[in-house]
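Me: I am new to this structure and would like to know what stands behind the words people use for it. Could you take me through it?

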Amino acid sequence: MDENIQKLKELIAESDNIVFFGGAGVSTESGIPDFRSVDGLYNQEWKYPPETILSHTFFERHPDEYYRFHRAKLVVENVQPNTAHKRLASLEAEGKLKAVITQNIDGLHQAAGSKNVLELHGSILRAYCSRCGKPYPAERMNHGTGIPKCDCGGVIRPDIVLYEEPLDNEIMSKAISYIRHADVLIIGGTSLNVYPAAGLINYYRGHKLVLINLSATPFDSYADLIIHQKIGEVFSQV
Ligand code: CNA
């Protein structure tokens, strides 16, 4: 076994206060593209970059184009949790992992059995009316055609945090608290480019910061242990 993965295995074995903070790279091995990898959404043919389409202004002005992108790119059929999601869920069940903090909107941590999941950017598995707030099943939004509308005439929107929108204060405070009190913080599958989420790393007080990411991140020098390998493959060994 790789020396660094062996070290991670030991850190996990010795701790009962692990917190995981992850992003899109956690789900690529399930078949959901991230934003920035070579075959990620940034490198696909599309008129605007994902962060423009996924912005509040764009949603308000071009809901039809937003939904074309949403259904084509955010909703991926028949996805299953991979080894990373599953191992994180089993670590929680063993009482070793306190929380999964995720930037993902795909619901795969819960599908794997994780209970304490803090979704910083919401979920495409929930929807509500942008005018009156009435909740709706995600089905029509994710699989229908055209712009989904509420009985009140408002546009139904996904319960995700679009660019230009603030993060939920309560979720952010909980995430800060888990990270501040964590013994081992494992960060994985995130380019650590999207704020304010990426700034969470600054709240960690410990000396067991593990970074598992295919490519380098701006925070590599902060890490006590770096593993530049596929996260599913790493978690299958620990
Ligand atoms: P990102 O900026 O696309 O970065 C992903 C990172 O993961 C990159 O640095 C990759 O090198 C790395 N990576 C890709 N595959 C793997 C792998 N198998 N193992 C280890 N590392 C890998 O994504 P971030 O999450 O950092 O950016 C935040 C955005 C992307 C959030 O707002 C998300 O909502 C949004 N997003 C979410 C999903 C999803 O829910 N699955 C998919 C695409 C984008």
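Me: How many cavities of 30 Å³ or more does the count come to?

Reply: Happy to help! Please keep in mind that this is a predicted model. The count comes to two cavities of 30 Å³ or more.

Me: What makes the second largest one a cavity, and what lines it?

Reply: A cavity is a place where a 1.4 Å probe fits but cannot get out, so that is what the word tells you here. About 30 Å³ of space lies in the second largest cavity. Its lining includes T102, N104, D106 and V117. Helix α6 (108-112) and strand β3 each supply at least two lining residues, and α6 gives the most, with three.

Me: And what is the second largest pocket like, in volume and lining?

Reply: A pocket is an open set of points, so the word differs from cavity in that respect. The second largest pocket has a volume of about 240 Å³. It is lined by 15 residues, and V75, V76, V79, I124 and L125 lie nearest its centre. Both β4 (122-129) and α7 (138-143) supply at least two lining residues, with the largest share, four residues, coming from α7.

Me: Why is E165 called buried?

Reply: Buried means under 20% relative accessible area, and E165 has 17%, so the word applies. You will find E165 in the loop between β6 (156-160) and α8 (169-181).

Me: How do you know that E165 makes polar contacts, and with which side chains?

Reply: The cut-off is 3.5 Å for a pair of N or O atoms. The side chains of E165 and H56 make a polar contact at 2.6 Å, and a polar contact of 2.8 Å joins E165 to the side chain of R157; both values are within the cut-off, so both fit the term. Leaving aside neighbours within four places in sequence, E165 is in contact with H56, R157 and I160.

Me: How do you know that β1 and β2 pair?

Reply: Pairing needs at least two bridges, and β1 (residues 18-22) and β2 (residues 97-102) have five, so they count as paired, in the parallel sense. For example, V100 in β2 is the bridge partner of F20.

Me: Why are β3 and β9 said to stand at the edges?

Reply: Six strands form an open sheet in the order β3-β2-β1-β7-β8-β9, with parallel pairing. β3 (117-119) and β9 (225-227) each have a single partner strand, so one side of each is left without a neighbour in the sheet. From one strand to the next, the twist averages 15 degrees.

Notes: Residues numbered from 1 in each chain as written. Predicted model: local features only at pLDDT ≥ 70, side-chain atom pairs only at ≥ 80, totals over all residues. Heavy atoms only, no water. Axes fitted to C-alpha atoms, helices over the stretch in contact; angles between N-to-C directions. Buried < 20%, exposed > 50% of the residue type's maximum accessible area, 1.4 Å probe, protein only. Polar contact = N/O pair within 3.5 Å; in protein donor to acceptor, adjacent residues only side chain to side chain. Contact = heavy atoms within 4.5 Å. 1 Å grid on protein atoms, 1.4 Å probe; cavity = no way out; pocket = protein on both sides within 12 Å on 5 of 7 lines; lining within 4 Å. Points joined across faces, edges and corners; volume = space filled by probe spheres on them.
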